[in-house]
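Got your viewer open? Good: load the model, find the selection box, and follow along one stop at a time.

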Amino acid sequence: MAEYTEAEHETIRSAAFGAIALVAKADPGFFSTFKESMAGSRAFAVAPPAVQELLKTGGFPTPPKGDAAEVERQILDGLRQSMTILNGKDAAAAGGLRDVIVAAADAVADASKGTSAEEAAVIAKIREAVGGTAGPAAGGTPSLV
């Protein structure tokens with residue numbers, strides 16, 4: 001496994017968990033948020049070992065600050081930075097993280113009453129940020145969970 005600095009770990013973890021939060025916030029509701037966070041956690045739990053190591057190293061990431069647009073911008077930028085870091089050090093881990101983030105985002109969106117239009121729009125932005133396909137968020141991606 002490639003070596004990562006503490007700052008690189010923080011970028012990767014914050015972006016991955018932030019992506020899940022973006023999808024959950026796109027269609028808010030207390031019970032929905034709970035179901036969605038569990039779905040995201042399950043997707044991360046079945047990630048390849050190299051990706052699990054990246055996600056579990058360090059403490060809980062600090063959420064970005066600002067209004068909704070600024071938080072979204074920071075998370076999407078973090079996803080792009082994460083892919084740059086990983087592509088430079090371990091292409092297999094980059095592909096694994098991309099697949100896990102996309103699967104987790106899809107699982108989160110589908111966890112409560114199916115994928116809403118708002119969630120699908122956020123997932124499309126996440127897919128673009130990680131270099132995944134821009135295909136439909138619902139029903140088009142195999143699930144890891």
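Before we start clicking, one term: a helix here is a DSSP run of at least four residues, and helices are numbered from the N terminus. Also keep in mind that what you're looking at is a predicted model.

**Stop 1: the whole chain**

Switch to cartoon view and follow the chain from its N terminus: the elements run α-α-α-α-α-α. That gives you 6 helices and 0 strands. Of the 145 residues in the chain, 42% count as buried. Now think about who touches whom: among contacts with a separation of 6 or more, 77% are between residues 24 or more positions apart.

**Stop 2: a chain of charged partners**

Select E70 and R73 and show their side chains. They form a salt bridge, with the closest N and O atoms 2.5 Å apart. Which helix holds them? Both sit in helix α4, residues 68–89, and they are 3 residues apart, about one turn of the helix. In general, side chains of opposite charge can pair when their charged atoms come close.

Are these two buried or exposed? Buried would mean under 20% relative accessible area and exposed over 50%. E70 has 27%, so it is partly exposed, and R73, at 40%, is partly exposed too.

Next, move along helix α4 and select D77 and R80, again 3 residues apart, or about one turn. Their side chains meet in a salt bridge of 3.1 Å, N to O. D77 is partly exposed at 27% relative accessibility, and R80 is partly exposed at 33%.

Keep R80 selected and add E128. Their side chains also meet in a salt bridge, this one at 2.8 Å, N to O. E128 lies in helix α6 (residues 117–130) while R80 is in helix α4, so this pair ties together parts that are 48 residues apart in sequence. E128 is partly exposed as well, with a relative accessible area of 46%.

Now show all five together: salt bridges that share partners join E70, R73, D77, R80 and E128 into one network. For the full picture, the model has 8 salt bridges.

**Stop 3: the largest pocket**

Turn on a surface and select F17, G18, I20, A21 and F60. Of the 20 residues that line the largest pocket, these lie nearest its centre. The space inside comes to about 470 Å³. Colour α1 (6–26), α2 (30–45) and α4, the elements that give two or more residues to the lining. Which one gives the largest share? It's α1, with 8 residues. By type, the lining divides into 12 nonpolar, 7 polar and 1 charged.

**Stop 4: the nonpolar core**

Hide the surface and select Y4, V23, L79, L86, L97, I101 and I126. The largest nonpolar core has 39 residues, and these are the ones that touch the most other members. Two or more residues of this core come from each of α1, α2, α3 (49–56), α4, α5 (91–110) and α6. The biggest contributor is α5, with 10 residues.

Finish by zooming in on I101. What is I101 in contact with, leaving aside its neighbours within four places in sequence? Select A16, A19, L79, I126 and V130, and you have the list. Two of those names should ring a bell: L79 and I126 were in your core selection a moment ago.

Note on methods
Residues are numbered from 1 along each chain as its sequence is written. This is a predicted model: local features need pLDDT of at least 70, side-chain atom pairs count only at pLDDT 80 or more; totals for chains, interfaces and linings use all residues. Side-chain values use heavy atoms; hydrogens and water are left out. A salt bridge is a side-chain nitrogen of Lys or Arg within 4 Å of a carboxyl oxygen of Asp or Glu. Buried means under 20% relative accessible area, exposed over 50%, partly exposed in between (1.4 Å probe, protein chains only). On a 1 Å grid over the protein atoms alone, a cavity is a set of points where a 1.4 Å probe fits but cannot get out, and a pocket is an open set with protein on both sides within 12 Å along at least five of seven lines; lining residues have an atom within 4 Å of a point. Grid points are joined across faces, edges and corners, and a volume is the space filled by probe spheres set on the points. Ala, Val, Leu, Ile, Met, Phe, Trp, Tyr, Cys and Pro count as nonpolar, Asp, Glu, Lys and Arg as charged, and the others, Gly among them, as polar. A nonpolar core is a set of buried Ala, Val, Leu, Ile, Met, Phe, Trp, Tyr and Cys residues joined through side-chain atoms within 4.5 Å. Contact means heavy atoms within 4.5 Å.
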